[in-house]
Amino acid sequence: MVNRGSDKATGSMVDLEGEGVHWEQDMSYGQYLALERILDCQHPRSTQHDEMLFIVIHQVSELWMKLCLHEAYAAARHIEQDNLAPAFKMLSRIARIQEQLIKAWEVLVTMTPADYASFRDTLGQSSGFQSFQYRELEFLLGNKNPKMVEAHRAHPKHYQHLTRVLHAPSIYDISLQLLKRRGFDIPDHCLARDWSQPYQACAEVEQAWSRVYQQTDEHWDLYELAEKLVDMEYNFQKWRFSHMKTVERIIGYKKGTGGTGGVSYLVKALDLQFFPELWSVRTAI
């Protein structure tokens with residue numbers, strides 16, 4: 001009997017005879033990816049059709065954030081070691097992941113206000129504001145705020161990990177340390193400070209980046225690092241904006257389920273910057 005399978009590109013049946021297909025595997029595709037466990041993680045609490053969409057979008061976004069963290073930590077290690085080429089690949093990958101996160105909102109906005117209202121009460125006080133991975137990513141990129149850790153105090157594992165990340169240098173702090181080692185005049189107060197506090201823009205740091213941008217032939221790898229960081233923040237802001245507009249479209253100006261102001265809270269987040277001198281230097285040049 002001839003073994004046949006579907007050709008996804010043409011929709012036709014293809015002959016698998018002699019293709020060396022492993023019909024009896026030690027480990028299958030589903031086993032390798034733990035698909036049974038992953039696909040058993042969607043449990044709507046209502047009978048409303050659109051709740052499945054809501055759950056899947058947020059679970060997929062958390063998986064993409066997990067990969068962002070994986071890449072960002074590795075990139076930070078390479079920057080710390082002045083090994084920028086691998087860091088560039090990782091930062092570029094983060095930008096591509098961020099595009100997927102932004103696209104996710106376009107799927108979610110197919111849900112109307114009435115659709116969401118039909119199951120919103122089943123969420124209780126759960127909210128994306130409580131995403132420990134999102135908070136970790138913000139801390140790693142430099143948006144430090146000690147108060148934000150308190151939302152996770154009831155979960156000791158996440159609370160302790162986020163506290164460690166809060167008190168560690170961000171990827172921007174590590175980049176400024178690299179500039180110092182490369183001979184740029186970076187003030188000590190930017191290099192030895194309380195990492196748990198928000199970074200404050202510094203004129204000397206802006207001057208250092210200005211030199212990088214104006215002498216690209218001499219500092220090309222630092223120039224590329226700056227632009228990779230800008231790409232990452234630019235996409236993060238696009239994600240924030242899409243999040244805000246999605247919330248506005250679906251619930252208007254109601255309060256968020258986690259107790260935040262909803263749209264008003266998200267609008268304020270649009271003013272936050274991770275790498276302030278990489279933006280102000282554009283005016284200075």
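This is a short walk through the structure shown above, from its overall make-up down to single residues.

The model is a predicted one. The protein has 13 helices and two strands. Its C-alpha trace spans about 75 × 55 × 35 Å along the principal axes. The protein has 285 residues, and 42% of them count as buried. Many contacts link distant parts of the sequence. Take the contacts between residues at least 6 apart in sequence: 68% of these join residues at least 24 apart.

Next, the interior. The largest nonpolar core has 65 residues. Ile171 and Trp209 have the most contacts inside that core. Trp209 is a good place to pause. Leaving out residues up to four places away in sequence, Trp209 touches Tyr172, Leu176 and Leu179. Trp209 also touches Leu222, Ala226, Glu277, Leu278 and Val281. Another core lies apart from the largest one, and this other core has seven residues. Among them are Met148, Val149, Tyr159 and Val165.

Now step along to Ser210. Ser210 is found in helix α10, which covers residues 203-214. The relative accessibility of Ser210 is 11%, and the cut-off for buried is under 20%, so Ser210 counts as buried. Setting aside neighbours within four places in sequence, Ser210 is in contact with Val281 and Ile285. Val281 is also touched by Trp209. For a sense of distance, compare Ser210 with Lys89. The two are 121 residues apart in sequence. In space, they are 24 Å apart, C-alpha to C-alpha.

Asn235 is another residue to find. Asn235 lies in helix α11, residues 220-251. Is Asn235 buried or exposed? Its relative accessible area is 8%, which is under 20%, so Asn235 is buried. Beyond its neighbours within four places in sequence, Asn235 is in contact with Ala95, Gln98 and Ile102.

Two helices deserve a look as a pair. A packed pair of helices is described by the angle between the axes and the distance between them. Helix α6 covers residues 132-141, and helix α7 covers residues 156-166. Their axes come within 9 Å and cross at roughly 10 degrees. Angles under 35 degrees count as roughly parallel, so α6 is roughly parallel to α7. The crossing of α6 and α7 is left-handed.

Which residues of α6 and α7 meet? From α6 come Phe132, Arg135, Glu136, Phe139 and Leu140. From α7 come His158, His161, Leu162, Val165 and Leu166. By class, this contact has six nonpolar, two polar and two charged residues. One of the α7 residues, Val165, is also listed in the core of seven residues.

Last come two loop residues and their backbone angles. Ala34 lies in the loop between α1 (29-32) and α2 (35-38). The phi of Ala34 is near 50 degrees, a positive value in a residue other than glycine. Asp82 lies in the loop between α3 (51-80) and α4 (84-108). Asp82 is not a glycine, yet its phi is positive, at about 55 degrees. How accessible is Asp82? The relative accessible area of Asp82 is 35%, which falls between the 20% and 50% cut-offs, so Asp82 is partly exposed.

Methods. Residues numbered from 1 in each chain as written. Predicted model: local features only at pLDDT ≥ 70, side-chain atom pairs only at ≥ 80, totals over all residues. Heavy atoms only, no water. Helix = DSSP H or I, 4+ residues; strand = E, 2+ residues; numbered from the N terminus. Buried < 20%, exposed > 50% of the residue type's maximum accessible area, 1.4 Å probe, protein only. Contact = heavy atoms within 4.5 Å. Axes fitted to C-alpha atoms, helices over the stretch in contact; angles between N-to-C directions. Parallel < 35°, antiparallel > 145°, perpendicular 65-115°, else oblique. Left-handed = near helix turned anticlockwise from the far one by under 90°. Nonpolar A, V, L, I, M, F, W, Y, C, P; charged D, E, K, R; others polar. Core = buried A, V, L, I, M, F, W, Y, C linked by side-chain atoms within 4.5 Å.
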